[in-house]
Structure formats: C-alpha cells, structure tokens
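Please work through the following exercises with the sequence and the model at hand. Each task is followed by a solution in steps.

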Amino acid sequence: MTRRNALFAALCLGIAACDSSDSGKLPVSYFENDAGEAAIRHVIANLPDLNPGVAKSYSIVLGEINRDGMTPATDAFSARFADLKLKFINAFKLKDVPPEHTIADPDTHLAAFVLQLRSLQQTSATTWLAEVGWSYKKEFARFKLRLETKDGKTSVVSAEKIEEK
C-alpha cells in the first residue's frame, strides 16, 4: 500500500508540473539570445530624441519591473551592443534622484533610458514574439514585436505600439 501511495503522489506531482496554462514564453534567464538582442536593437534604433544635446546612458532590464524589483541584463549581454558606442549601465547601479525620482546614471546624475525586454516567446524554429519598452524620465512606450531568423540573422519584421506616454 505504501508503494502504491508513493507512486500516486509522484504521478500527482508530475501532473501538477505540467502546467497547461504555459504560454510558451521563455524564462527571463533565456532572454539574452539573438532574438533578445534584435528586439533591444530595434528599441534603441527607434528611441525618440528626448532632451537633445544631453549625454544619455542606457540600461537593459529583462522581464517585469515591479515593487519586488527587476532583473538587469548581464554585462555580457550589454556588451553585445558595444558597436553602438553607447554607455550601458547595469540596472542595479541606477539611482533614484530626487525631487522627481528620476532614474539616473550614478556617475552623471542625468536621466537614463531604461530599455525593457518584457517578454520573449519562440513561436516556431525561426520566429519570435517579444514585448519591449523604454522609459526616460516620465515618458515611456511599449511595443509588440514579431521577429524572424533568416540566413542566421534575427530581425524585427513587424512592430506595433501598444502604449505610450
């Protein structure tokens, strides 16, 4: 009887682990791939020219940003953007500058662009869906992207703005 109960318990745990509500979205730990890079490059290429003439810093955040915190991109992932010659800062180093609670570069105390790769989902062997966004001071925008890999290169094939302020 004990063996039967143990087998039953193992089967129940196995079934519980098979969550049918899984949307196919990747865990944040897998965002730092070619599709994630292409999504962030798209965000950077389409940033508005806010506060012209002022030096900018950039920080990449993966997944949700909430009261419990956030997941900064690794320095290795940020290094993939070295060819852009932009200043990237690990999100853990950003500072909240009073009085307006501006998210800022700790070295310059100037506002930083926060680039967010909120979600990433592989829909086939060569296609991806992503939700990305950016914020700078009190302005922000969020987009849904469709990405495709052709000839070993991943690029954005469509973008839809879903929120802006």
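**Exercise 1.** Determine what share of the contacts in the protein chain between residues at least 6 apart in sequence join residues at least 24 apart.

*Solution.* Contact means heavy atoms within 4.5 Å. Among pairs at least 6 apart in sequence, 50% of the contacts join residues at least 24 apart. The model is predicted: local features need pLDDT of at least 70 and side-chain atom pairs count only at pLDDT 80 or more, while totals for chains, interfaces and linings use all residues. Residues are numbered from 1 along each chain as its sequence is written, and side-chain values use heavy atoms, with hydrogens and water left out.

**Exercise 2.** State how many helices and strands the protein chain has, and in what order its elements run.

*Solution.* Helices (H or I, at least four residues) and strands (E, at least two) are DSSP runs, numbered from the N terminus. The protein chain has three helices and nine strands. From the N terminus on, the order is α-α-β-β-α-β-β-β-β-β-β-β.

**Exercise 3.** Check the length of helix α2 (residues 34-45) against its expected span.

*Solution.* The expected span is 1.5 Å times one less than the number of residues. For the 12 residues of α2 this gives 16 Å, and the end C-alpha atoms are 16 Å apart, so the two values agree. At the N-terminal end, Asn33 caps α2, with a side-chain oxygen 3.0 Å from the backbone nitrogen of Ala35.

**Exercise 4.** Identify the residues that touch the most other members of the largest nonpolar core, and the elements that contribute to this core.

*Solution.* A nonpolar core is a set of buried Ala, Val, Leu, Ile, Met, Phe, Trp, Tyr and Cys residues joined through side-chain atoms within 4.5 Å; buried means under 20% relative accessible area, exposed over 50%, and partly exposed in between (1.4 Å probe, protein chains only). The largest core has 30 residues, of which Ile60, Leu115 and Trp134 touch the most other members. Two or more residues each come from α2, β1 (57-66), β6, β7 and β8 (139-150). Helix α2 gives the largest share, six residues. Beyond its neighbours within four places in sequence, Leu115 is in contact with residues including Ile40, Val43, Ile60 and Trp134.

**Exercise 5.** Is Ala125 buried or exposed, and where is Ala125 found?

*Solution.* Ala125 is in the loop between β6 (112-122) and β7 (127-136). Its relative accessible area is 71%, so Ala125 is exposed. Ala125 and Glu148 are 23 residues apart in sequence and 9.2 Å apart in space, C-alpha to C-alpha.

Methods:
A polar contact is a pair of N or O atoms within 3.5 Å; within protein, one must be able to donate a hydrogen and the other to accept it, and residues adjacent in sequence count only if both atoms are side-chain atoms.
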